[in-house]
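Reader: Hello! I am new to this structure and would love a close look at a single part of it. Could you walk me through one piece and its surroundings?

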Amino acid sequence: MFHVCNKVSDFKSTMRLHFTLLVCLAAALSSAVVTSPINLWTKLILTQQWPKTFCSSEPCQLNVSYWTLHGLWPDKGEFCNSSWHFNSTEIEDLIPDMKKVWPDLLNPSSFHFWKYEWSKHGTCAAEAASLNSQHKYFSKALEFYQKVDLNSMLQKANIIPSDKYYTFSDIEQAMENFYGVKPKIQCLHPSMNSEFQTLGQIEICFDADFALQDCEKHFATNTLSRGQWDQNKSSGLSVCSPDIPVYYPPNS
């Protein structure tokens, strides 16, 4: 009888140990699921637009003759945190620069554009610790804008707004030579059989460590639209054709 009791006691102890281990394992797995950045972005896309092309189909209230920011977009996710609302007081020191290089061409006095970009893209970029505040996100976009200095780069390559046409390879090769990576260059195609395409948007990509990297030309078929509100609601952009002349429209 004594041996039987010992065996029962040992069995119960073993079961309690197994149960404890299972609970600990479940907790560890649960923690891993919550904290593991499985869907964290791996690329940031600095997107700049040519205002003349944008304003060819929209009632712009601001006349700008240089490339402006459209946004800084992670390659994964949209509207990642609906409870994290845009707060302009967190970026007060950045607003003067943002009004210049990241303007709302339709309503220059409004913060709506920045609010939209934060809600759609910033909340997803902020899943990385390096961009986990509104100030970090917007200041990084401004930093990238200054770093790539697209306006000066194109001028140095003698690619300037003009009534003449450029070949697509003129623009692409100049950018690749300067940056050492492949950009994504997008054009507006007025009609199916048009003799030219209009330069509209350029994407330059960075990796998670903020180093330049190649963009995938066909990562997505983009549009100038920013959704329900966005600035080019109907004018579609797509990757420029290598075989059609490119028009880089002057402001005048």
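**A close look at strand 1**

Author: Happy to! In strand 1, Lys43, Ile45, Thr47 and Gln49 point one way, while Leu44, Leu46 and Gln48 point the other way, and all of them are buried. That pattern has a simple background: in a regular strand, side chains alternate between the two faces of the sheet. Please keep in mind that this is a predicted model.

Strand 1 covers residues 43-49. Because 7 of its 7 residues are buried, strand 1 is largely enclosed by the rest of the structure. Buried here means under 20% relative accessible area.

Now let us meet the neighbours. One of them is strand 2, which runs antiparallel to strand 1 and is joined to it by 6 bridges. You can find this pairing by eye if you look for Thr47, which stands opposite Gly71 of strand 2. Another pair to look for is Gln49 with its bridge partner in strand 2, Thr68. Strand 2 spans residues 68-74, and 7 of its 7 residues are buried, so strand 2 too is largely enclosed by the rest of the structure.

Strand 1 also pairs with strand 5, made of residues 197-207. This pairing is again antiparallel, and 7 bridges hold the place of contact between strand 1 and strand 5. To spot it, start at Gln48 and look across to Ile202 in strand 5, which stands opposite.

Notes: Residues are numbered from 1 along each chain as its sequence is written. This is a predicted model: local features need pLDDT of at least 70, side-chain atom pairs count only at pLDDT 80 or more; totals for chains, interfaces and linings use all residues. Side-chain values use heavy atoms; hydrogens and water are left out. Buried means under 20% relative accessible area, exposed over 50%, partly exposed in between (1.4 Å probe, protein chains only). Helices (H or I, at least four residues) and strands (E, at least two) are DSSP runs, numbered from the N terminus. Two strands pair if DSSP finds at least two bridges between them.
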